[in-house]
Amino acid sequence: MRKNVDLLHGPVLSSLTRLALPIMATSLVQMAYNLTDMIWIGRIGSNAVAAVGAAGMYMRLSNGLATLAKMGGQVNVGHALGAGQKADASRYAANAFQLTALCGILYGLLCVLLNGPLIGFFRLNSPGVIADAKIYLQITCGFVIFSFLNQTFTGILTAVGNSRSSFLATSVGLVINIVLDPVLIFGIGPFPEMGVMGAAIATVIAQFIVTLMFFYFASKDTQVFRNMKVTEKPSRKYMMPVIKIGLPTSIQSIIFTGMSMIIARLVAGYGDAAIAVQKVGSQIESISWMTADGFAAAVNSFVAQNHGAGNRTRINKGYASAMGVVLVWGVICTLLLILCPAPIFRIFISEPDVLPMGVDYLMILGVSQLFMSVEITTAGAFAGFGRTVPPSVVGIVLTAARIPFAMLLTETALGLNGIWWSITISSICKGIILLIWFLFFLKQKEQKGPDPS
């Protein structure tokens, strides 16, 4: 059975779906991975959740840096494969991994050395929460290199048309995390009770195992990895295109997380419980955005290969098919969060004084899920063309607008809920504006005539 999906030939929806389903399943597994952590940490109490929530912001920040090599590598490898240039694809992949290793090592060192000031940014109230946050930050971000490598492996394999390997590796990581979390958090058998530290160690071990599996899958690939030589000196010819395409998306992601950290600081003004609500709520909300992000990765590779081959009609059909699926998923997630907020949130934190805040968060953010899914999928299509600037511009401008908007709304009767509404309204605007921009972009390309082959 073929592992790689042929994105250049055959029925469009079938090809796209065969690539997208494992990626979406991988995203769901990753979501389950994160939710498992939250379920067990939530059993310790809302203070532990607050600690992980604060430190976890720096893991989210690291994802933005990891996107630099992942996005640049994935798109360039996709373009090269579509044009039948396998040697170039291997060189792009090698340079992407070299960039990944450099960024991962430097980021990890900074987080370990500056853990005090980094956690101090959130102005947490409890000394215990602060101590746990520092421990979680040093362990998870200190070994963030494994997370970086896993993301780049996922991007390159997706560009090749092999999304099954990422699903298998991530699934194994989930199982390991599910087993290790309660063992290390609460101390089962010969293991001592380690609390938040145990959750961090479980996460790093699982990520390391996933990295080993990716190395194994890469050794079996014949299109890109077999001829990839990461020990060669980085080449400006291949490194610069990787940076050029990956940089706008990376900057957008980093700024997005930076704005989220400022938002978290505003949230902290309402107490550590509010931070816990934001952490748990965002993990629950990930049921929509992580799945959409997975589908966007499939659209990215589909568009990239067909753009490299000059198949414009196939690109248009692929985007339309993808958007149809994403719209259905966005509606389902919207209804789920708006209609069933209490039972969902209670799975993670059942403390009576925290639950009402969690219900408000899910209902308000539920309004934006459809539009957020549209934004993410459209950004993936833009990236497939190598055009990462438009989604970055829309994302940066409207995400930045959340800060003054949140400060304005919190001064009204909405209070804390004003922060949640600022996030929802900006997400709605991003989805609408980016969709219009992309449709205009496609129309312009049609007016210019066929792409040069």
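Visitor: Which helix gives the most residues to the nonpolar patch on the surface?

Guide: This is a predicted model, where local features need pLDDT of at least 70, side-chain atom pairs count only at pLDDT 80 or more, and totals for chains, interfaces and linings use all residues. Residues are numbered from 1 along each chain as its sequence is written, and side-chain values use heavy atoms, leaving out hydrogens and water. The patch joins Val 389, Val 393, Val 397, Ile 432, Ile 433, Ile 436 and Trp 437, with about 600 Å² of accessible area together (Shrake-Rupley method, 1.4 Å probe, only the protein chains shown counting as cover; patch residues have over 30% relative accessible area and no salt bridge, with nonpolar side chains joined within 5 Å). Two or more residues come from each of α15 (389-400) and α17 (417-448), and the top giver, with four residues, is α17.

Visitor: Is Trp 437 buried, partly exposed or exposed?

Guide: Trp 437 lies in helix α17 (helices are DSSP runs of H or I, at least four residues, numbered from the N terminus). Buried means under 20% relative accessible area, exposed over 50%, and partly exposed in between, with a 1.4 Å probe and protein chains only. Because its relative accessible area is 34%, Trp 437 is partly exposed.

Visitor: How many residues apart are Arg 91 and Glu 232, the two partners of a salt bridge?

Guide: Their closest N and O atoms are 3.8 Å apart (a salt bridge needs a side-chain nitrogen of Lys or Arg within 4 Å of a carboxyl oxygen of Asp or Glu). Arg 91 sits in helix α3 (residues 86-113), while Glu 232 is in the loop between α8 (196-220) and α9 (236-268). Along the chain, the separation of this pair is 141 residues.

Visitor: Are Lys 430 and Glu 375 buried or exposed?

Guide: These two side chains meet in a salt bridge at 3.9 Å, N to O. Lys 430 belongs to helix α17 and Glu 375 to helix α14 (residues 369-384), 55 residues apart. Both of them are buried.

Visitor: Which helix gives the most to the largest nonpolar core?

Guide: A nonpolar core is a set of buried Ala, Val, Leu, Ile, Met, Phe, Trp, Tyr and Cys residues joined through side-chain atoms within 4.5 Å. The largest has 95 residues, and Tyr 58, Val 77, Phe 345 and Trp 420 have the most contacts inside it. With 17 residues, the leading contributor is helix α2 (residues 46-82).

Technical notes: Patch = residues over 30% accessible without salt bridge, like charges linked within 9 Å, V, L, I, M, F, W, Y side chains within 5 Å.
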